[in-house]
Amino acid sequence: MDLSLSPSVSDTVCVLWGCELNDTQRKAVFEIAEDLLEHQFFIRTMCLSAEASKEMHVVEVQDRVGEYSKPVPIATLHPMCQPMVSFSGFELMPPVIFNLRSGQGPLFISGQHLTLVYEEEEEEEEKEVFSSTPPLDHSGLQ
């Protein structure tokens with residue numbers, strides 16, 4: 001990607017996001033408003049609560065919900081051997097659906113929502129100036 005042709009980012013808005021999945025709330029959705037801004041969503045951590053049941057907990061995620069999007073398991077947690085997982089650079093495109101596929105939870109998910117605001121760059125257009133007067137006749141000059 002040629003960065004010289006892309007507009008420059010003038011501001012970045014970062015908002016933390018979190019949810020809890022459990023036996024009564026098995027699904028959580030991260031959605032954004034329809035606008036012309038660029039949105040990025042990063043999963044940061046998933047962890048089991050101290051009260052989590054002693055069983056395997058599988059979390060699946062689905063982004064860009066649509067015809068070709070399918071849920072994908074991204075974490076398997078157990079309170080005795082792996083109660084938490086951290087992600088680095090795991091970017092998803094909103095809307096994002098998290099689903100507790102197995103286990104009773106409670107399980108906590110944290111993420112980071114970035115909104116990129118681009119500067120409006122005015123492109124200077126070259127203007128050609130046309131004269132409505134006819135060209136001067138220099139044939140009589142010596």
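**Group meeting: strand S7 and its surroundings**

Let's start with a pairing: strand S4, residues 57-63, runs antiparallel to S7, and six bridges join the two. Before I go on, please keep in mind that this is a predicted model.

One pair to find on your screens is valine 61 and its bridge partner in S7, phenylalanine 98. I'll come back to that phenylalanine in a moment.

S7 also pairs with strand S2, residues 27-30; these two run antiparallel as well, with four bridges between them. There, valine 29 stands opposite isoleucine 97 of S7.

So how enclosed is S7? The strand covers residues 96-102, and five of its seven residues are buried, so the rest of the structure largely encloses it.

Now, back to phenylalanine 98. What does it touch, once we set aside neighbours within four places in sequence? The list includes Val61, the bridge partner we just met, along with Trp17, Leu21, Ala28 and Glu60. Phe41, Ile43, Met46 and Ile109 are in contact with phenylalanine 98 too.

Some of those names return when we look at the largest nonpolar core. That core has 23 residues, and the ones with the most contacts inside it are Phe41, Ile43, Met46, Phe98 and Ile109. Where do the core residues come from? Strands S1, S2, S3, S4, S5, S6, S7 and S8 each supply at least two. The biggest giver is S3, with four residues.

Let me move to strand S8, residues 107-118, which holds leucine 114. Is leucine 114 buried or exposed? Its relative accessible area is 15%, under the 20% cut-off, so leucine 114 counts as buried. Here is a nice example of chain parts meeting: leucine 114 and glutamine 40 are 74 residues apart in sequence, yet their C-alpha atoms are 5.1 Å apart in space. Beyond residues up to four places away in sequence, leucine 114 touches Thr12, Val13 and Cys14, and also Glu38, His39, Gln40 and Phe42.

My last stop is a loop residue. Serine 49 sits in the loop between strand S3, residues 38-48, and S4. With a relative accessibility of 11%, serine 49 is buried. What does its side chain meet? A polar contact of 2.6 Å links the side chains of serine 49 and glutamate 51. Further along the sequence, not counting residues up to four places away, serine 49 touches Pro106 and Phe108.

That's my tour, and thanks for listening!

Key:
Residues numbered from 1 in each chain as written. Predicted model: local features only at pLDDT ≥ 70, side-chain atom pairs only at ≥ 80, totals over all residues. Heavy atoms only, no water. Buried < 20%, exposed > 50% of the residue type's maximum accessible area, 1.4 Å probe, protein only. Pairing = 2+ DSSP bridges. Contact = heavy atoms within 4.5 Å. Polar contact = N/O pair within 3.5 Å; in protein donor to acceptor, adjacent residues only side chain to side chain. Core = buried A, V, L, I, M, F, W, Y, C linked by side-chain atoms within 4.5 Å.
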